[in-house]
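Student: Could you take me through the reading of a model, starting with the overall picture and ending with a single residue?

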Amino acid sequence: MRHTKGHTRNRRSHHALTAPRISSCPDCGASHLRHRVCETCGKYRGKQVVDVVAKIEKKNTRLKDKARKMGIDPGEAKEKEEKKEKKETPKKKTTTKK
Ligand SMILES: [Zn+2]
């Protein structure tokens with residue numbers, strides 16, 4: 001059945017996107033999504049939830065292993081990955097643990 005422009009537009013009047021709610025971390029001042037762990041310090045509501053230092057170290061060791069397997073100099077590969085990371089970080093979604 002034919003639907004009018006008006007009906008289509010009325011329906012779409014509820015499809016507007018809203019900006020993500022961003023708040024600043026009380027511990028380190030970095031901005032993070034509401035109800036999500038702060039990615040910079042790993043705290044949520046004043047509690048340490050994610051061990052950020054351990055996570056970074058784990059990632060670095062993983063990248064080194066990967067580079068070794070591929071036969072690339074670990075230092076060189078690390079630099080490349082770091083450059084990539086800087087670009088990707090704003091898009092990344094945070095995972096919250098209760
Ligand atoms: Zn923080």
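The dialogue below moves from confidence to layout and then to one serine.

Tutor: This is a predicted model, in which local features need pLDDT of at least 70 and side-chain atom pairs count only at pLDDT 80 or more, while totals for chains, interfaces and linings use all residues. Residues are numbered from 1 along each chain as its sequence is written.

Student: What pLDDT does the protein chain average?

Tutor: pLDDT is the predictor's confidence in each residue, from 0 to 100; the protein chain averages 83, and 74% of the residues score at least 70. Among its elements, helix α1 (residues 5-12) has the highest mean, 96, and helix α3 (residues 74-88) the lowest, 57.

Student: How many helices and strands does the protein chain have?

Tutor: Helices (H or I, at least four residues) and strands (E, at least two) are DSSP runs, numbered from the N terminus. The protein chain has three helices and four strands, in the order α-β-β-β-β-α-α from the N terminus on.

Student: Why does S24 count as buried or exposed?

Tutor: A residue is buried if 20 or more other C-beta atoms, placed from the backbone, lie within 10 Å of its own, exposed if 12 or fewer, and partly exposed in between. S24, which lies in strand β1 (residues 22-24), counts as exposed because it has 11 C-beta neighbours inside 10 Å. Of the 98 residues of the protein chain, 3% count as buried.

Student: Which residues is S24 in contact with, leaving aside its neighbours within four places in sequence?

Tutor: Two residues are in contact if their C-beta atoms, placed from the backbone, lie within 7 Å; with those neighbours left aside, S24 is in contact with G29, A30 and S31.
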